[in-house]
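User: I'm new to reading protein structures and would like to learn how to read one feature after another. Could you walk me through this one?

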Amino acid sequence: MPRQDIDITVPDLTGKRAVVTGASDGIGLGIATRLAAAGAEVIMPVRNPRKGEGAVARIRERHPEASVSLRALDLSSLASVAELGETLLGEDRPVHLLINNAGVMTPPDRQTTADGFELQFGTNHLGHFALVNHLLPLLRAGQARVTSQISVAANSNAINWDDLNWGRSYNGMRAYSQSKIAFGLFGLELDRRSRAAGWGITSNIAHPGVAPTSLLAARPEVGRAKDTLGVRLIRALSARGIIVGTVRTAQLPALYAATSPEAEGGGFYGPSGAGHLGGRPAGQKLYSRLRSAEEAQRVWRISEELVGTGSWG
């Protein structure tokens with residue numbers, strides 16, 4: 001059986017405002033629940049309002065005094081990202097924690113966002129890139145910590161620089177890896193740029209290891225009618241406490257990266273068990289694909305061009 005004693009202490013977050021993407025189920029819901037339990041005001045931007053309302057109800061069932069609320073967000077639409085930015089800027093409240101957790105994984109066929117980008121690259125990376133840009137004044141005001149959730153997939157394959165949108169030849173897993181490599185490079189470059197420009201933002205990255213989340217489960221919205229063989233195997237291993245983590249333990253690296261006084265800007269955090277697939281969260285050796293500052297700068301420049309954010313700061 002999975003070990004139930006793996007946990008971390010989340011410090012008191014009373015008075016802090018946290019934004020968590022992808023918080024309507026799975027790892028994101030677990031993260032939002034823990035932040036709310038620690039006293040944070042948690043904003044949950046969601047694509048599906050009904051699903052979001054169910055998530056809020058689950059949090060309040062466990063923590064009746066929790067301060068949680070929904071906002072609308074579809075990361076596959078830059079217009080929706082901009083609308084959320086305008087909404088939160090209009091509320092004029094500093095953001096102290098931003099956990100970029102939402103994602104989509106391996107649609108069997110190539111799909112595109114509302115803006116024409118390959119779905120995984122556009123959602124996992126470009127949508128979050130644009131979101132951070134829109135929220136930058138609030139993040140600076142809150143001296144925020146930004147934690148971006150990548151994946152073990154960022155340790156394989158590469159960025160397809162000649163065809164970022166996979167229009168010539170689509171491979172779902174390679175496109176997923178690309179989105180997470182680009183996102184990881186962005187998270188590290190954000191910390192470097194914040195230090196250089198004095199933004200006061202601390203940015204780091206985390207990965208959840210491997211756990212039976214909904215990413216590989218049946219998801220009709222991405223063209224997957226039934227659970228993959230991979231997620232069925234992961235569920236079996238997780239239930240027996242073998243190698244991989246659980247949905248509960250998979251939330252811990254990002255929680256640690258976002259809240260621990262010991263987590264650092266530019267750091268990389270993930271499970272410390274065998275193969276870094278499960279176990280207690282800890283600092284990780286940076287994946288080879290995330291080590292180049294030049295590559296990170298290239299990702300940043302291209303992302304600015306693609307989403308049309310212009311200069312930052």
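**Reading the features**

Analyst: Let's start on the inside: the largest cavity holds about 50 Å³ of space. Keep in mind that this is a predicted model.

User: How many cavities of 30 Å³ or more are counted here?

Analyst: The count comes to one cavity of 30 Å³ or more.

User: Which residues line the largest cavity?

Analyst: Look for Phe-121, His-125, Ile-159, Trp-161 and Leu-164, and then for Ala-182, Val-299, Ile-302, Ser-303 and Leu-306. Two elements, helix 4 and helix 9 (293–307), each give two or more residues to this lining. Helix 9 gives the most, with four residues.

User: And what kinds of residues are they, by class?

Analyst: Sorted by class, the lining of the largest cavity has eight nonpolar and two polar residues, and no charged ones.

User: Okay, now pockets. How much space lies in the second largest pocket?

Analyst: About 260 Å³. Its lining includes Asp-7, Arg-58, Ile-59 and Gln-251. Helix 1 (26–37), helix 2 (49–62) and helix 7 (247–250) each supply at least two lining residues, and helix 1 gives the most, with five.

User: How do the residues lining that pocket divide by class?

Analyst: Three are nonpolar, four are polar and five are charged. Hold that up against the largest cavity, where the lining has no charged residues.

User: Let's move on to helices. How do I describe two that pack together?

Analyst: The general idea is that two packed helices are described by the angle between their axes and the distance between the axes. Try it on helix 4 (residues 119–141) and helix 5 (residues 172–197): they pack at an angle of about 15 degrees, with their axes 7 Å apart.

User: Why is that pair called roughly parallel?

Analyst: Angles under 35 degrees count as roughly parallel, and the angle here is about 15 degrees. Helix 4 and helix 5 are therefore roughly parallel to each other. As for handedness, helix 4 passes helix 5 in a left-handed crossing.

User: What are the angle and the axis distance for helix 3 and helix 4?

Analyst: Helix 3 (residues 78–91) packs with helix 4 at an angle of about 20 degrees, and their axes are 9 Å apart. So these two are roughly parallel to each other as well. The crossing of helix 3 and helix 4 is right-handed.

User: Last topic: the sheet. In what order do the strands sit?

Analyst: Eight strands form an open sheet in the order 3-2-1-4-5-6-7-8, and the pairing is mixed. Strand 3 (67–72) and strand 8 stand at the edges with a single partner strand each, so one side of each is left without a neighbour in the sheet. On average, neighbouring strands of this sheet are turned by 20 degrees against each other, direction ignored.

User: Where can I see what "mixed" looks like?

Analyst: Follow strand 7 (residues 268–271). Strand 6 (residues 202–206) runs parallel to strand 7, and two bridges join them. Strand 8 (residues 281–283) runs antiparallel to strand 7, and three bridges join those two. Tyr-269 is a handy landmark: this residue is the bridge partner of Ala-206, and in strand 8 its bridge partner is Gly-283.

User: How do strand 1 and strand 4 run, parallel or antiparallel?

Analyst: Parallel: three bridges join strand 1 (residues 17–20) to strand 4 (residues 97–100). One to look for is Val-20, whose bridge partner in strand 4 is Ile-99.

Terms used
Residues numbered from 1 in each chain as written. Predicted model: local features only at pLDDT ≥ 70, side-chain atom pairs only at ≥ 80, totals over all residues. Heavy atoms only, no water. Pairing = 2+ DSSP bridges. 1 Å grid on protein atoms, 1.4 Å probe; cavity = no way out; pocket = protein on both sides within 12 Å on 5 of 7 lines; lining within 4 Å. Points joined across faces, edges and corners; volume = space filled by probe spheres on them. Nonpolar A, V, L, I, M, F, W, Y, C, P; charged D, E, K, R; others polar. Axes fitted to C-alpha atoms, helices over the stretch in contact; angles between N-to-C directions. Parallel < 35°, antiparallel > 145°, perpendicular 65-115°, else oblique. Left-handed = near helix turned anticlockwise from the far one by under 90°.
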